[in-house]
Amino acid sequence: MKNLLTRRITLAFALVTLLSSLAFALPAQDQMMDDKMKEDSMMSKTRPTVAIISAEWCAACTKIKPGMSELQAKYKGRLNFVVLDVSTDESAAVAAATARKLGLSKFFEANKKKTSTVAVFDSNKKVLFQTDHNYDQAAYVKAFDNAIAKSGSKG
């Protein structure tokens, strides 16, 4: 009888712990959705778009990420940036939906297995620049500046 009571207490404690963790996870998920909606609303249809195919497990992506973060800050308001995360099946499905929404489905389907791919598109979704495993910051600056010049965008 005492053993049964101990099991029930343990089960109840586990259930309370699980429910508590879910209560904290839901607001975090809501915040992520809010952030995503803000990001989507900031995307301009007239600015060039930089699409990055990335994964958490990709060593090249990890190496590119700091420089790309600097460039994203430098070119904020002049370029759209979108990271298409293929780390897991779930994140890849989200990335596919994002690519579809942005008119980049063909690019995504052709390159979803080529992590560390960076491409620059004009407002008509024409590829202006594409590379992978490229750690040359100057190459990105040149490609970004060229895309901005071709778009006639001043920011």
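In what order do the strands of the open sheet follow one another, and with what pairing? In this predicted model, the open sheet consists of 4 strands arranged in the order β2-β1-β3-β4, and their pairing is mixed. The edges are formed by β2 and by β4 (residues 127-132), each of which pairs on one side only, and the twist from one strand to the next averages 15 degrees. Strands β1 and β2 run in the parallel sense and are joined over 6 bridges; within this pairing, S54 has D85 of β2 as its bridge partner. Helix α5 lies across β1, β2, β3 and β4, and runs at about 165 degrees to β4.

The nonpolar side chains of the model are described next. The largest nonpolar core comprises 18 residues, of which A51, V82, L84, L104, F107, F108 and F121 touch the most other members. At least two residues of this core are supplied by each of β1 (49-54), α2, β2, α3 (89-102), α4 (105-111) and β3 (117-121), with the largest share, 4 residues, coming from α3. Another core, of 16 residues, lies apart from the largest one and includes I52, I64, F129 and Y140. In soluble globular proteins, nonpolar side chains tend to be buried together.

Aromatic contacts were then examined, and the structure was found to hold 5 aromatic pairs. In one of them, the ring centres of Y75 and F144 are 5.3 Å apart and the ring planes stand at 90 degrees, so this pair is edge-to-face. Because Y75 belongs to the loop between α2 (59-74) and β2 (80-85) whereas F144 belongs to helix α5 (residues 137-151), the contact ties together parts that are 69 residues apart in sequence. Both Y75 and F144 are buried. The ring of F144 also pairs with that of F81, with centres 5.8 Å apart and planes at 80 degrees, so this arrangement is likewise edge-to-face. Since F81 lies in strand β2 and F144 in helix α5, the pair ties together parts that are 63 residues apart in sequence, and F81, like F144, is buried.

These three residues belong to one aromatic cluster, which is formed by Y75, F81, F129, Y140 and F144. Two members of the cluster, F129 and Y140, are also among the residues of the 16-residue core. A further interaction with an aromatic ring involves a charged side chain: the charged end of K63 sits over the ring of Y135, at 4.2 Å from the centre of that ring.

Terms used. Residues are numbered from 1 along each chain as its sequence is written. This is a predicted model: local features need pLDDT of at least 70, side-chain atom pairs count only at pLDDT 80 or more; totals for chains, interfaces and linings use all residues. Side-chain values use heavy atoms; hydrogens and water are left out. Rings of Phe, Tyr and Trp (its six-membered ring) pair if their centres lie within 6.5 Å; planes under 30 degrees apart count as stacked, over 60 as edge-to-face and the rest as tilted. Buried means under 20% relative accessible area, exposed over 50%, partly exposed in between (1.4 Å probe, protein chains only). A charge sits over a ring if NZ of Lys or CZ of Arg is within 6 Å of the ring centre and within 35 degrees of the ring normal. A nonpolar core is a set of buried Ala, Val, Leu, Ile, Met, Phe, Trp, Tyr and Cys residues joined through side-chain atoms within 4.5 Å. Two strands pair if DSSP finds at least two bridges between them. Axes are lines fitted to C-alpha atoms, for helices over the stretch in contact, and angles run from 0 to 180 degrees between N-to-C directions. Contact means heavy atoms within 4.5 Å.
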